[in-house]
Amino acid sequence: KYRPTGGLGLIFLSLTLLLMLTVFIGVNFYQDNDETIELPTVIEGISPLPNYQVPQQTSIEINLPVDYEIVLIVNNYIIPSSEIMNVEATGVFIWKPGPNKTFESWNPGEQNIRITWSKVVGLPDVGEFSWKFYINN
């Protein structure tokens, strides 16, 4: 009688290794961003998004409707409005660490951000929102 040796075992071993590799890659590169965070309706966009891991060169961007002003608090420090670039025509506020600023660079790890906003024209609208993101080492 002829009995094939190794063919089925080799296929089984290959599939097992492929499964282990897939699980390894999934565990090591998984980013915990499945937590859905509802932005307040006044915020049209923020960057970096909550819980994201981002590079050291990252800037914070907050997009609000025009005619709003913000107070930006980074890791419990109020950022002076003179450091925040405000594109008034679009309602975009941008800040990033740099020379002669509150922070010269991001420290690796968790960054806690809080913004408060108020409308400067028309009916009052005030609020606040907090989130965190992570700077890669």
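Biologist: Is Phe-129 buried or exposed?

Modeller: This is a predicted model, so the answer rests on computed values. Buried means under 20% relative accessible area. Phe-129 has 9% relative accessibility, so Phe-129 counts as buried.

Biologist: Which residue forms an aromatic pair with Phe-129, and is Trp-131 buried or exposed?

Modeller: The ring centres of the pair lie 5.7 Å apart, with 25° between the planes. Planes under 30 degrees apart count as stacked, so this pair is stacked. The partner of Phe-129 is Trp-131. At 5% relative accessibility, Trp-131 counts as buried.

Biologist: How many aromatic pairs are there in the whole structure, and what is the geometry of Trp-95 and Trp-106?

Modeller: A search of the whole structure gives 5 aromatic pairs. In the pair of Trp-95 and Trp-106, the ring centres are 5.7 Å apart and the planes meet at 90°. Planes over 60 degrees apart count as edge-to-face. The pair is therefore edge-to-face.

Biologist: How many residues apart in sequence are the parts that this pair ties together?

Modeller: Trp-95 belongs to strand β7, residues 92-95. Trp-106 sits in the loop between β7 and β8. The pair therefore ties together parts whose separation in sequence is 11 residues.

Biologist: Are Trp-95 and Trp-106 buried or exposed?

Modeller: The cut-off for buried is under 20% relative accessible area. Trp-95 has 1%. Trp-106 has 3%. So Trp-95 is buried, and Trp-106 is buried.

Biologist: Which residues do ring pairs link into a cluster?

Modeller: Trp-95 and Trp-106 both belong to it. Ring pairs bring in further aromatic residues. The cluster is Tyr-77, Trp-95, Phe-103, Trp-106 and Phe-133.

Biologist: Which residue in β7 is the bridge partner of Ile-62, and which is the partner of Asn-86?

Modeller: Strand β3, residues 60-63, runs antiparallel to β7, with 4 bridges. Strand β6, residues 85-87, also pairs with β7 in the antiparallel sense, over 3 bridges. The partner of Ile-62 in β7 is Phe-93. For Asn-86, the partner in β7 is Phe-93.

Biologist: Which residue in the turn of the β6 and β7 hairpin has a positive phi?

Modeller: The hairpin has 4 residues between its strands. The phi in question is about 80°. The residue is Gly-91.

Biologist: Where in β9 does Gln-111 find its opposite residue?

Modeller: Strand β8, residues 109-119, and β9 run antiparallel and are joined by 10 bridges. Their hairpin has 6 residues between the strands, and Gly-122 there takes a positive phi near 85°. Opposite Gln-111 in β9 stands Phe-133.

Biologist: Which residue in β9 stands opposite Gln-53?

Modeller: Strand β2, residues 53-54, pairs with β9, residues 126-135. The sense is parallel, over 2 bridges. Opposite Gln-53 in β9 stands Tyr-134.

Biologist: Is Met-20 buried or exposed, and which residues form the nonpolar surface patch?

Modeller: Met-20 is in helix α1, residues 7-29. Exposed means over 50% relative accessible area. Met-20 has 53%, so Met-20 is exposed. The patch, with about 420 Å² of accessible area together, is Leu-10, Leu-13, Leu-17 and Met-20.

Biologist: How many helices and strands are there, and what share of the 137 residues is buried?

Modeller: From the N terminus, the elements run α-β-β-β-β-β-β-β-β-β. That is 1 helix and 9 strands. The buried share of the 137 residues is 28%.

Definitions and conventions:
Residues are numbered from 1 along each chain as its sequence is written. This is a predicted model: local features need pLDDT of at least 70, side-chain atom pairs count only at pLDDT 80 or more; totals for chains, interfaces and linings use all residues. Side-chain values use heavy atoms; hydrogens and water are left out. Patches are made of residues with over 30% relative accessible area and no salt bridge: like charges are joined within 9 Å, nonpolar side chains (Val, Leu, Ile, Met, Phe, Trp, Tyr) within 5 Å. Accessible areas come from the Shrake-Rupley method with a 1.4 Å probe; for residues, only the protein chains shown count as cover. A salt bridge is a side-chain nitrogen of Lys or Arg within 4 Å of a carboxyl oxygen of Asp or Glu. Buried means under 20% relative accessible area, exposed over 50%, partly exposed in between (1.4 Å probe, protein chains only). Two strands pair if DSSP finds at least two bridges between them. Rings of Phe, Tyr and Trp (its six-membered ring) pair if their centres lie within 6.5 Å; planes under 30 degrees apart count as stacked, over 60 as edge-to-face and the rest as tilted.
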